[in-house]
Amino acid sequence: MSKNFFIVFKGVIHKSRESFKIHLIGFLLLTFFLTGCNSDDVQLPANRLEGFIDGKEWSYKSANGYLISSDFKYRVRFLSSEETVGDPCSQPNPSLTHVKAIFKPAEGSFFVTPQALDPNQVQVTFEISTSQNITATSGFMEIYAIDNQIVIGYLQAVLDNENKVEGSFEIRLCNLM
């Protein structure tokens, strides 16, 4: 009887070792994949910020952000791809059609509203000329990262079919307190 018990016991040990090996290999593979996915690089959607302003096609080239209040709200101007500027901070007041946003930069989600009063809101304006602008009424902004004075995110802002933009962006913060 003890011989049968040993054989059964040996079989249990043998099976336990095999399942332990399988679980260990699975655990190591899972750990490898999870740590391999943990990267500091932010992967943005492929589409850059673009859309329509006043019924005309518009696309983003670069963006600058200037501090405008003591509560750390910034005025950001998304410059048109038609602008001839290398450094976005060299053009705080663009003359061409552009998108303007006012918000307090922080990682997370923001709701587009006609007047940004809360920290999780952003006001987006379509600047058609120096005297004409219209404000988006819906959409969202997602900030994925803020690093070395660069804000990386995604914006969708809509007023109507003739005034809407959507896509990924980078904002250069030009003045800090």
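Why is the disulfide of C89 and C174 left-handed? The torsion about the S-S bond of this pair is about -85 degrees, and the disulfide is therefore left-handed. The model in which this bond appears is a predicted one, and the paragraphs below lead from its overall layout to the links between its parts, and then to its core and its largest pocket.

Let us begin with the layout. The protein has one helix and 10 strands, and a reader who follows the sequence from its start meets them in the pattern α-β-β-β-β-β-β-β-β-β-β. Of its 177 residues, 33% count as buried. Among the contacts between residues at least 6 apart in sequence, 49% join residues that are at least 24 apart.

The disulfide can now be placed within this layout. In general, a disulfide is a covalent bond between the sulfur atoms of two cysteines. The count here comes to one disulfide, formed by C89 and C174, whose sulfur atoms are 1.9 Å apart. C89 lies in the loop between strand 3 and strand 4, while C174 lies in the segment after strand 10, so the pair ties together parts that are 85 residues apart in sequence. With a relative accessible area of 18%, C89 is buried, because buried means under 20%; C174, with a relative accessible area of 22%, is partly exposed.

The loop that holds C89 also takes part in a salt bridge, and the count of salt bridges in the model comes to three. In one of them, D87 is paired with R172, and the closest N and O atoms of the two are 2.3 Å apart. D87 lies in the loop between strand 3 (74-80) and strand 4 (98-103), and R172 lies in strand 10 (residues 163-173), so this pair ties together parts that are 85 residues apart in sequence. Both partners are partly exposed, D87 at 32% relative accessibility and R172 at 33%.

A further salt bridge joins E127 to K100, with 3.5 Å between the closest N and O atoms. Since E127 lies in strand 6 (residues 121-127) and K100 in strand 4, the pair ties together parts that are 27 residues apart in sequence. Although both side chains take part in a salt bridge, E127 counts as buried at 8% relative accessibility, and K100 is likewise buried, with a relative accessible area of 18%.

In another salt bridge, the side chains of K56 and D54 meet at 3.9 Å, taken from N to O. Here K56 counts as exposed, at 54% relative accessibility, whereas D54 is partly exposed, with a relative accessible area of 32%.

The loop between strand 3 and strand 4 deserves another look, for it also contains P94. At 8% relative accessibility, P94 counts as buried. When its neighbours within four places in sequence are left aside, P94 is in contact with R77, L79 and E83. The C-alpha atoms of P94 and S80, two residues that are 14 apart along the chain, are separated by 8.8 Å.

What, then, does the largest nonpolar core consist of? This core has 28 residues, and those with the most contacts inside it are F78, F103, V124, M141, L155, V165 and I171. At least two residues of the core are supplied by each of strand 2 (56-67), strand 3, strand 4, strand 5 (108-112), strand 6, strand 8 (138-147), strand 9 (150-160) and strand 10. I171 offers a way to follow these contacts residue by residue: not counting residues up to four places away in sequence, I171 touches A63, N64, G65, V76, F78, F103, Q149, I150 and V151.

From the core we turn to the empty space. In general, rolling a probe the size of a water molecule over the atoms shows where empty space is left. The largest pocket has a volume of about 160 Å³. Which residues line the largest pocket? Its lining is made of I53, D54, K56, E57, W58, S80, E82, L96, T97 and I128, and strand 2 gives the largest share of that lining, with three residues. Two names in this lining, D54 and K56, have already been met as the partners in a salt bridge.

How values were computed. Residues numbered from 1 in each chain as written. Predicted model: local features only at pLDDT ≥ 70, side-chain atom pairs only at ≥ 80, totals over all residues. Heavy atoms only, no water. Salt bridge = Lys/Arg side-chain N within 4 Å of Asp/Glu carboxyl O. Buried < 20%, exposed > 50% of the residue type's maximum accessible area, 1.4 Å probe, protein only. Helix = DSSP H or I, 4+ residues; strand = E, 2+ residues; numbered from the N terminus. Disulfide = S-S within 2.5 Å. Core = buried A, V, L, I, M, F, W, Y, C linked by side-chain atoms within 4.5 Å. Contact = heavy atoms within 4.5 Å. 1 Å grid on protein atoms, 1.4 Å probe; cavity = no way out; pocket = protein on both sides within 12 Å on 5 of 7 lines; lining within 4 Å. Points joined across faces, edges and corners; volume = space filled by probe spheres on them.
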